[in-house]
4 protein chains.
Amino acid sequence: MDTYADKLSFSSDYMEGAHPFIMTRLSDTNLLKSQGYGTDSFSQSARDKIRAACGCPDGEVHFLMGGTQTNATVINAVLKSYQGVVAPNSGHISVHEAGAIEFGGHKVLTLPQKLGKITADDIQELLSDYQNDENHDHMVMPGMVYLSHPTEYGTLYSLEELRSISQVCRKNGLPLYLDGARLAYALACPENDVTLHDLAELCDVFYMGGTKCGALFGEAVVIPQKNFIPHFFTIMKQHGALLAKGRLLGIQFDVLFTDDLYLHIGEPAIIAAERIKEALLYQGYQLYFESPTNQLFVVMENTRIAKLTQKVELGFWEKYDDTHTVVRFATSWATNKEDVEKLLKILAE
Amino acid sequence: MDTYADKLSFSSDYMEGAHPFIMTRLSDTNLLKSQGYGTDSFSQSARDKIRAACGCPDGEVHFLMGGTQTNATVINAVLKSYQGVVAPNSGHISVHEAGAIEFGGHKVLTLPQKLGKITADDIQELLSDYQNDENHDHMVMPGMVYLSHPTEYGTLYSLEELRSISQVCRKNGLPLYLDGARLAYALACPENDVTLHDLAELCDVFYMGGTKCGALFGEAVVIPQKNFIPHFFTIMKQHGALLAKGRLLGIQFDVLFTDDLYLHIGEPAIIAAERIKEALLYQGYQLYFESPTNQLFVVMENTRIAKLTQKVELGFWEKYDDTHTVVRFATSWATNKEDVEKLLKILAE
Amino acid sequence: MDTYADKLSFSSDYMEGAHPFIMTRLSDTNLLKSQGYGTDSFSQSARDKIRAACGCPDGEVHFLMGGTQTNATVINAVLKSYQGVVAPNSGHISVHEAGAIEFGGHKVLTLPQKLGKITADDIQELLSDYQNDENHDHMVMPGMVYLSHPTEYGTLYSLEELRSISQVCRKNGLPLYLDGARLAYALACPENDVTLHDLAELCDVFYMGGTKCGALFGEAVVIPQKNFIPHFFTIMKQHGALLAKGRLLGIQFDVLFTDDLYLHIGEPAIIAAERIKEALLYQGYQLYFESPTNQLFVVMENTRIAKLTQKVELGFWEKYDDTHTVVRFATSWATNKEDVEKLLKILAE
Amino acid sequence: MDTYADKLSFSSDYMEGAHPFIMTRLSDTNLLKSQGYGTDSFSQSARDKIRAACGCPDGEVHFLMGGTQTNATVINAVLKSYQGVVAPNSGHISVHEAGAIEFGGHKVLTLPQKLGKITADDIQELLSDYQNDENHDHMVMPGMVYLSHPTEYGTLYSLEELRSISQVCRKNGLPLYLDGARLAYALACPENDVTLHDLAELCDVFYMGGTKCGALFGEAVVIPQKNFIPHFFTIMKQHGALLAKGRLLGIQFDVLFTDDLYLHIGEPAIIAAERIKEALLYQGYQLYFESPTNQLFVVMENTRIAKLTQKVELGFWEKYDDTHTVVRFATSWATNKEDVEKLLKILAE
């Protein structure tokens with residue numbers, strides 16, 4: 001419940017405010033007047049920079065306030081009333097959004113995940129099963145595919161995997177939507193071979209996370225083909241997802257897409273996670289998943305956790321067995337070297 | 001579409017960023033770590049101050065991001081599935097929220113407004129008509145009452161009016177919800193005799209607006225009786241209304257409720273509006289409504305408007321007749337004297 | 001609460017079972033086996049006959065169970081998530097369907113009615129107001145038009161009126177939907193100049209009522225242009241509007257559209273209503289509406305009503321003033337001459 | 001697509017009309033007048049008989065039109081907006097209702113089934129996992145339990161199993177709802193030890209199917225504790241589930257609950273199914289499930305199926321492997337001995 005003045009914390013990647021460049025720009029522009037609802041010049045500039053970064057000069061860019069809101073708004077906007085969204089059973093929309101998709105009237109059609117991911121074959125099989133079922137007119141029609149990159153487990157799709165999924169989707173007329181709540185951590189990761197241009201080419205809609213990637217809050221939805229979703233502005237309003245002072249999101253994304261900041265802002269998190277991973281492996285800990293980004297999932301003895309969490313805040317993921325739990329170490333754009341060194345010392349005790 | 005470097009603007013009350021005290025506090029705390037979703041100590045402190053300001057020490061306080069979102073979330077949380085919300089036909093939820101209430105499955109049962117307001121008698125009559133209708137089991141049951149204070153037309157309920165409405169609501173078991181998007185402008189207005197303590201006594205839920213009253217964004221929902229809405233946290237999440245970095249809202253409302261800032265922040269707006277109103281009346285303009293807060297609605301010749309808006313941005317409200325339009329002058333906490341003087345000069349031309 | 005063995009009743013047009021031809025056919029076919037969900041040969045035959053009767057050989061015909069269900073299913077199927085349905089404020093969907101449209105997420109955008117009807121000009125004005133409102137992106141977009149014919153007040157649109165409405169709708173890309181819950185009473189009425197062919201030409205969707213027009217239950221939705229609503233079958237299922245033994249609806253509508261039964265089934269009701277109307281006028285009663293079909297709305301003294309209803313069941317419509325009420329006399333396909341004569345005697349007392 | 005004049009059919013249990021007693025009663029009462037919406041004396045009588053049969057003299061009984069509609073209406077009525085319904089993943093609501101539950105805003109929380117059933121332990125574990133998850137406020141809260149008896153696979157809960165489930169539900173404040181679409185086939189089955197009195201004691205809501213159990217259509221919802229669901233009538237109306245001529249349902253259920261007809265109507269189906277099962281086993285076929293009621297699921301070679309279905313209509317359930325399919329033989333109250341004998345001969349060929 002507390003603000004951590006003193007204690008180390010690696011429990012999540014949204015514990016600080018914003019990147020200093022953003023705070024400065026918000027302060028500098030604070031008393032300028034601008035029109036509301038994203039029609040201001042800051043938002044216009046941010047949109048232009050994002051279109052350029054993604055290589056989709058005719059695309060649409062919309063700014064929303066948070067991840068669950070963005071997922072619910074986009075998915076409701078894309079699906080017909082009788083359709084559902086295909087997602088890994090570990091997907092954020094499947095588990096941790098309090099039924100926001102169902103509140104909008106749609107079923108989440110889950111596929112089993114492997115390392116947080118699903119495959120083109122999984123999707124094709126689900127579609128074929130649906131089409132071949134003689135009762136499919138009595139069933140929820142798969143209407144789009146939801147992925148996250150990085151996934152909820154910190155893992156990454158390869159460009160080849162994503163390309164295969166996109167092909168299956170297009171062959172079947174199924175829009176592909178990618179949740180990039182932590183996209184900056186993929187972009188900063190050496191293992192990642194998926195660029196923003198690739199996303200704009202392969203996805204029908206995707207969003208680039210601000211909240212977990214250096215902004216105070218906010219997510220940038222990219223729709224590479226203009227008018228793919230008619231009246232998205234009104235749909236945002238209907239979902240309570242239209243910020244009156246849209247400039248706040250415009251300013252933040254304008255800074256994030258100036259001088260490629262978004263492409264590099266996750267680098268300290270990746271370096272820190274790598275160091276922590278090495279230390280954990282050296283200490284003999286078992287990784288629950290081999291994940292290359294800013295989240296490490298580690299199987300740990302409950303007694304060890306009890307000691308450790310006297311000095312470090314961690315995220316609890318799930319029960320592993322009666323004596324072990326999976327804990328999460330999350331780093332962020334704001335993680336500093338001193339804290340990592342302190343953590344390594346504690347782990348070595 | 002532009003940011004107004006040079007041009008005067010009185011088109012709305014959400015054109016600037018935040019009160020300087022808020023910006024300073026956001027910067028000062030920027031790199032402190034805190035837990036998410038409103039469990040941080042800033043939010044806790046803000047809640048305590050708001051409970052004290054409202055005289056409801058056991059009440060609940062929740063922070064949401066914007067007005068439409070707040071209205072939809074609260075109304076969905078309060079209503080049963082077969083109920084609708086009673087509101088003036090000019091109410092924000094009736095007209096300008098893109099069907100957010102209906103998206104949640106509920107009808108807005110409108111009453112004719114007078115000066116943006118409805119009366120206790122109006123509500124009682126609607127209830128009696130419903131109860132006396134032999135087909136009322138086939139109709140939407142009135143399930144709560146929605147008011148705004150100040151109203152969308154800048155007018156105010158008197159304490160007596162509000163007390164009567166509250167009595168009718170309680171007599172009929174109908175929760176009363178008050179939308180205080182511009183509440184600070186009521187509190188700063190000499191004509192207003194409704195205090196925060198009164199609201200906590202008379203309403204079942206109300207919100208105090210931040211977005212239009214000095215914050216970057218954010219609204220504070222007050223539920224004077226704890227547990228009046230069970231699981232409101234999860235309902236917020238389901239509506240995409242739960243901010244990950246809840247501290248942002250906590251910090252802002254903590255500043256707004258330090259040293260009574262919220263009670264006084266609207267004063268410059270009221271003073272400015274009063275000066276502009278005097279000048280308009282002196283120039284012979286007709287007020288559309290006699291409103292005492294920060295919004296003035298003026299009937300103006302279209303030719304006059306065309307000239308005026310070369311120099312000043314205004315809000316367009318509605319067509320009055322073939323040669324006149326109702327325009328809105330809105331002042332805000334950020335309106336400065338120089339701009340008012342410039343406007344008066346232009347009006348005098 | 002009772003079944004009326006003895007007492008006269010003119011309180012509604014759904015008090016009896018079905019036309020004897022239908023009962024016979026249901027009995028005769030009772031133990032034949034057929035496939036479910038409307039894929040049976042009875043339904044196929046009924047569809048063919050309806051397509052022929054409406055002059056739309058390529059159209060779709062779907063059978064649903066009741067009026068509210070049909071309205072909700074069709075309207076949800078036609079509207080986009082951000083749209084509402086335009087309807088007279090006296091429309092069944094506006095008042096007496098317990099919020100079924102809003103349950104599906106949509107606002108009913110009401111227009112004032114005159115004799116239960118709206119005009120092409122009303123619709124055009126609403127559309128123009130919407131389009132000209134600079135905030136229309138924050139408002140519910142008009143997405144279709146709902147009419148009933150006969151209206152809830154028993155009145156009729158002329159072909160010319162309907163043609164004008166259809167033209168305005170098509171000019172603005174707004175689907176036109178006509179609720180024909182009592183359509184057989186229009187078709188049997190000498191004043192009516194709107195044919196089934198006209199409806200198929202002028203409407204995008206309409207339904208022909210069975211429940212009030214001689215069937216046990218059931219409504220036939222006609223979609224003159226095939227595929228105007230994709231996947232309507234699944235949408236019906238999702239709304240709980242797909243009858244397992246679809247044959248029941250098929251058989252009933254097959255009978256109703258054999259030898260033009262549907263075109264004539266309402267005639268006894270019209271003749272009876274005409275006789276009752278003459279008697280009422282002769283007795284000096286004031287008609288609330290001049291309506292030519294099977295419903296008469298009469299302003300009556302409350303003391304007179306109290307006496308009358310000792311002998312005759314009537315429908316209560318609404319309070320007229322402190323001493324008068326509007327009552328409804330409804331006749332039906334099953335109204336017999338003896339009952340009418342008895343009523344006339346009672347009225348003459 | 002056809003009506004089966006000649007061909008044998010064991011493809012479903014809703015291929016015929018109604019039990020002859022029902023047809024007779026519908027004909028006999030056809031021209032009696034009655035009030036609408038279930039307020040007639042037939043419905044009242046049926047309700048009284050059902051309350052007596054279930055041993056819940058103060059309970060409520062409501063008549064709806066079909067299974068999907070009943071499930072959606074009851075589940076929406078019971079759940080709070082932030083809750084989901086727990087069901088086996090083979091449950092009708094999970095798979096074959098086209099997302100009707102999600103259309104109402106709720107998630108189906110699936111549990112793995114064994115023989116179409118779930119256990120008290122499964123439910124308790126799901127609840128405990130939910131309660132122990134530190135993020136459960138971000139998740140859909142389990143709000144009720146859905147079972148079917150017989151299940152979609154024709155299997156039965158024992159009284160002991162049902163009692164355990166009921167205990168877990170009550171301990172956790174979770175309403176228990178039982179879908180009895182085929183309940184008459186359980187009641188007619190020697191293996192079944194669950195009575196109507198047991199259901200009224202153990203469930204908070206259940207429904208007794210008419211559509212598949214001898215009625216033309218209709219389902220009887222029993223709410224043993226009066227007012228457990230306030231305003232269920234209006235909720236029915238809102239869901240398009242309120243039949244105008246409610247007498248149709250009243251008459252049918254009145255017949256079904258006269259002289260214990262409902263308790264015995266399924267017996268011919270059970271006897272027929274038993275004979276077919278013996279023959280299948282004798283022929284060496286593999287049952288997919290051991291089910292004691294009116295549905296048999298059999299693993300069959302695709303080549304065998306191709307031949308068989310030239311003479312007999314069967315239901316196709318699911319692919320078993322590349323050369324085998326699971327087919328369903330369904331018997332019903334209307335299955336006659338001659339057809340069974342013909343089938344046995346064909347199977348023996």
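A crossing of two helices is called left-handed if the near helix is turned anticlockwise from the far one by less than a right angle. The term is needed below for a helix pair in this structure, which is a predicted model.

**Helix packing in chains B and A**

In chain B, α2(B) passes α11(B) in such a left-handed crossing. Helix α2 spans residues 41-54 and helix α11 residues 247-256 of chain B; their axes come within 7 Å and cross at roughly 40°. Angles under 35 degrees count as roughly parallel and 65 to 115 as roughly perpendicular, and α2(B) and α11(B) are therefore oblique to each other. From α2(B), the residues that meet the partner helix are Phe42(B), Ser43(B), Ser45(B), Ala46(B), Lys49(B) and Ile50(B). They face Arg247(B), Leu249(B), Gly250(B), Ile251(B), Phe253(B) and Asp254(B) of α11(B). Sorted by class, this contact holds 6 nonpolar, 3 polar and 3 charged residues.

In chain A, α2(A) packs against α11(A), residues 247-256, at an angle of about 40°, and the axes are 7 Å apart. The orientation of α2(A) and α11(A) is therefore again described as oblique, and α2(A) passes α11(A) in a left-handed crossing. On the α2(A) side the contact is made by Phe42(A), Ser43(A), Ser45(A), Ala46(A), Lys49(A) and Ile50(A). On the α11(A) side it is made by Arg247(A), Leu249(A), Gly250(A), Ile251(A), Phe253(A) and Asp254(A). The class division of the contact of α2(A) with α11(A) is 6 nonpolar, 3 polar and 3 charged.

**A sheet in chain B**

Chain B contains an open sheet of 4 strands in the order β11-β12-β15-β14, with antiparallel pairing. Its edge strands are β11 (286-287) and β14 (315-321) of chain B, each of which pairs on one side only. At the β11 edge, β11(B) pairs with β12(B), residues 295-301, in the antiparallel sense over 2 bridges. Within this pairing, Leu287(B) has Val298(B) of β12(B) as its bridge partner. Helix α13 of chain B, residues 267-282, lies across β12 and β15 (324-330) of chain B and runs at about 25° to β12(B).

**Contacts between chains**

The contact of chain A with chain B takes 51 residues from each of the two chains. The contact of chain D with chain C involves 51 residues of chain D and 51 residues of chain C. The table gives the make-up of one side of each contact.

| Side | Nonpolar | Polar | Charged |
|---|---|---|---|
| Chain A, touching chain B | 23 residues | 21 residues | 7 residues |
| Chain D, touching chain C | 23 residues | 21 residues | 7 residues |

Several elements of chain A each supply at least two residues of the side that touches chain B, among them α1 (20-28), α2 (41-54), α3 (67-78) and α10 (232-238). For chain D, the elements that each supply at least two residues of the side touching chain C include β1 (3-4), β3 (33-34), α2 (41-54) and α5 (100-103).

**Symmetry of chains C and D**

Chain D is superposed on chain C by a rotation of 180° with 0.0 Å of shift along its axis, at an RMSD of 0.0 Å. The two copies are thus related as by a two-fold rotation axis. Of the interface residues of chain D, 98% are also interface residues in chain C, so the copies meet through the same surface.

Definitions and conventions:
Residues are numbered from 1 along each chain as its sequence is written. Chains are lettered from A and ligands numbered from 1 in the order in which they are written. This is a predicted model: local features need pLDDT of at least 70, side-chain atom pairs count only at pLDDT 80 or more; totals for chains, interfaces and linings use all residues. Copies are superposed by least squares on the C-alpha atoms of residues with pLDDT of at least 70 in both. Two residues are in contact if their C-beta atoms, placed from the backbone, lie within 7 Å. Ala, Val, Leu, Ile, Met, Phe, Trp, Tyr, Cys and Pro count as nonpolar, Asp, Glu, Lys and Arg as charged, and the others, Gly among them, as polar. Two strands pair if DSSP finds at least two bridges between them. Axes are lines fitted to C-alpha atoms, for helices over the stretch in contact, and angles run from 0 to 180 degrees between N-to-C directions. Angles under 35 degrees count as roughly parallel, over 145 as roughly antiparallel, 65 to 115 as roughly perpendicular and the rest as oblique.
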